[in-house]
Structure formats: structure tokens, C-alpha cells
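Student: I'd like to learn how to read a structure like this one. Could you walk me through it?

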Amino acid sequence: MIFDCRKCGFSFAGTWLQTKMRMAQKAGPEEGRIRMNRIHGTDGGKQPAGALAGQVALVTGGNRGIGKAIAARLAALGAAVAICGRDLNTLKSTANELKAAGSRVHWQRADVANSADVASLVTQSESSLGGISILVNNAGMGLFGPVHEKTEQEWDTLINTNVKSLFLVSRAVIPGMIQRQRGDIINISSLAGKNTFAGGGIYCASKWAVQGLSGCMAEDLRAYNIRVSTVCPGSVATEFSGRGPKDPSKVLTAQDVAHAVAMIATQGPQSFLSEVHLRPVAKP
Ligand SMILES: NC(=O)c1ccc[n+]([C@@H]2O[C@H](COP(=O)([O-])OP(=O)(O)OC[C@H]3O[C@@H](n4cnc5c(N)ncnc54)[C@H](OP(=O)(O)O)[C@@H]3O)[C@@H](O)[C@H]2O)c1
């Protein structure tokens, strides 16, 4: 059985989903919406080529899924791009695609929940490409089902991957941004970070944590001309863990998320777009 969450735009599969999903927040479905694909198409984008020339972006989980689309979009706008992940094959193939398109690329195998890997990732990315001016904390995983059926190990793995990683990578990148008095930290959160639903326990906890951490970091860093923002997508057509098959007409594409990231990275210097909610136009 496939269960669709109208609030978050997520689709889930599994027996536990036969229980009706209840949303804790009662806000109207239109609240806070930015309908990106009504503004213009998200494949070509409107940001001018070269808008990010001279900038260096680090995209965690840039080897596949949403991260790959973000890396490609930032590269197309002229940024040099560093990508990481744990799977060597997808890292190499994505790096080759980016290079073939004319971009400067650094790729590195790194577990973003491991502080030694993260320190090495940031040091080597900056020595290869220059100081990081755009950090996209995208790497993440999903794990769904009732909390009482989950193990301590599952909790630790998911929270470390989705939350600790953001702390570790940001902490490694921020001193350079402060020194240069410039930076964008864009955290890929989720509409699950704004809502609650049955079976979402650990994943929602991780994305609510991303929201809280991002908001506080934004206040810590705005005096240094560093913007910290979140992009909160609903269901996106990727191989995201624990997901059932999706109706492609009712989900976002990875390019839609990349478009929102590019919009944040190319906004005017006086502007601070702090949170983007991204939903498929069609309701599940
Ligand atoms: N798909 C959706 O519907 C959706 C909706 C809202 C938000 N999001 C968020 O969007 C982000 C990307 O999701 P996705 O849909 O692109 O999922 P995905 O296709 O499963 O990709 C996940 C990415 O994260 C990387 N990753 C996972 N754990 C890692 C670790 N410990 N160290 C380094 N890299 C790691 C993966 O690379 P390796 O496997 O090679 O490590 C991969 O590049 C996540 O934060 C997710 O929560 C997704």
C-alpha cells in the first residue's frame, strides 16, 4: 500500500501506513507556499550563466540524487564544485560529468558523520579549488515507521547523518567564511521539518533539528555577512531511502530543488531568503 501525505508531499509504502496519517500542525495548506514552477521553468533556470563565477561550492551528497542536481546547477552558473559521498562509483561518474561540462571539480569519498573525514574533505576541497563560499548540506537519509519499532542504532545512524553532519561540515567551513566576510550555507531540510506525521518520528526529529540549528546559525553568522538558509522540499523523485514508487506527475524533481538552491545563491547581496518551502503543484 502506498500512503500519501498531503501536508508534506511524501509518499510512503508499508503495512504501518494503513493507519491514517495525522498532521499535528493545523496551518492551511497554502500557508508559506512559494510555487517555484509557476515562476518559470526549472530546467533551464533564469539565473544568468556566470552568476557564480569565482565562487566555490561544496555540496555534500553531490554524487547522486538531489545533491547531484544541485552540483550541476551551481557548476552551470560558473562555480567550482566539490562533491562528497561514500560511494566511489557515483562520485567518479558525477565528477566526470561535471568536468566534461567544463567545471572545476574536486571529489572525495567522505562520511559526513565522521569528523576526521569532514576535516579532510574541507581542507582538500579548499586547497584544490579555493575558499568555500557556498556550502550545501544536502547529504541525508530517510527511515520511516513507528518510533517504538526502531532501534537505538537506527536512531544514531539517522541523527548523525542528517544532523551531526550539518554541525561538523558547517563548523569546518565557517571560519574561512568569517575570514572572507562572505558565505551561503544552504541546508536541505524537508517539509517533514515543519510538520509531523505517523511513521515520521526519527526523520521528522532530524529535520526539525535541522530547522532549529539553521535558524540559530543564521543569527550567529549574519553579522559576518554569512546567510544560513533552509530549503524544505516535499516528495522528490530520487532513490531516497524507504520510499515507495511515486506518481511522477505528483512529485518534485531534483532539478526543482537545485533551482531553489540556485535562487538563494544568486540573490542580491542585501537580500536574505531564509527558508523556501517547495511543494509539487499537484496534490498527492
Ligand atoms: N527525496 C525526497 O523526497 C526528499 C524530500 C525532502 C528532503 N529530502 C532531503 O534531500 C537530501 C538528499 O536526498 P535525496 O532524495 O537526494 O536522497 P538520495 O538519492 O538517497 O541521496 C542521498 C545522498 O546523501 C549521501 N549520503 C548519505 N549518507 C551519507 C554519509 N553518511 N556521508 C556522505 N554522504 C552521505 C548519498 O551518498 P552515498 O550513498 O554515496 O554516501 C547521496 O549522495 C536529504 O537530506 C533528504 O533528507 C529529500
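Tutor: Sure, let's begin with contacts: two residues are in contact if their C-beta atoms, placed from the backbone, lie within 7 Å. Bear in mind that this is a predicted model. In this protein, among contacts with a separation of 6 or more, 71% are accounted for by residues 24 or more positions apart.

Student: What are the helix and strand counts in the protein?

Tutor: The protein has 7 helices and 9 strands. Of its 284 residues, 48% are buried.

Student: Which strand does E4 pair with, and in what sense?

Tutor: Strand E4 runs parallel to strand E5 (residues 105-109), and 5 bridges link the pair. One bridge to look up on your screen joins Ile83 to its partner in E5, Trp107. As a general idea, side chains in a regular strand alternate between the two faces of the sheet. Now follow the chain: E4, helix H3 (residues 88-100) and E5 form a β-α-β unit, and that unit is right-handed.

Student: Which residues touch the most other members of the largest nonpolar core?

Tutor: That core holds 73 residues, and the ones touching the most other members are Ile70, Leu74, Ala79, Val81, Val257 and Val261. The top contributor to this core is helix H5 (residues 152-180), with 9 residues. Take Leu74 as a worked case: leaving aside residues up to four places away in sequence, Leu74 touches Leu52, Ala57, Ala79, Val81, Ile134, Ala262 and Ala265.

Student: How many residues surround the ligand, and which are the closest?

Tutor: The ligand is surrounded by 29 residues, with Gly61, Gly65, Gly85, Asp87 and Gly140 the closest. Helix H2 (65-76) and strand E4 (80-85) are the elements that each give two or more residues to this shell. H2 supplies the largest share, 3 residues. By character, the shell around the ligand has 14 polar, 10 nonpolar and 5 charged residues.

Student: What about Pro269: is it buried or exposed?

Tutor: The way to decide is to count neighbours: a residue with 12 or fewer other C-beta atoms within 10 Å of its own is exposed. Pro269 has 8 C-beta neighbours inside 10 Å, so Pro269 counts as exposed.

Student: And where is Pro269 found?

Tutor: Look in the loop between helix H7 (254-265) and strand E9 (275-278). Try a distance there too: from C-alpha to C-alpha, Pro269 and Arg182 are 9.7 Å apart in space, although 87 residues separate them in sequence.

Technical notes
Residues are numbered from 1 along each chain as its sequence is written. This is a predicted model: local features need pLDDT of at least 70, side-chain atom pairs count only at pLDDT 80 or more; totals for chains, interfaces and linings use all residues. A residue is near a molecule or strand if its C-beta atom, placed from the backbone, lies within 6 Å of it. Helices (H or I, at least four residues) and strands (E, at least two) are DSSP runs, numbered from the N terminus. Ala, Val, Leu, Ile, Met, Phe, Trp, Tyr, Cys and Pro count as nonpolar, Asp, Glu, Lys and Arg as charged, and the others, Gly among them, as polar. A nonpolar core is a set of buried Ala, Val, Leu, Ile, Met, Phe, Trp, Tyr and Cys residues joined through C-beta atoms within 7 Å. A residue is buried if 20 or more other C-beta atoms lie within 10 Å of its own, exposed if 12 or fewer, and partly exposed in between; C-beta atoms are placed from the backbone. Two strands pair if DSSP finds at least two bridges between them. A crossover is right-handed if, with the strands pointing away from the viewer, the path from the first strand over the helix to the second runs clockwise.
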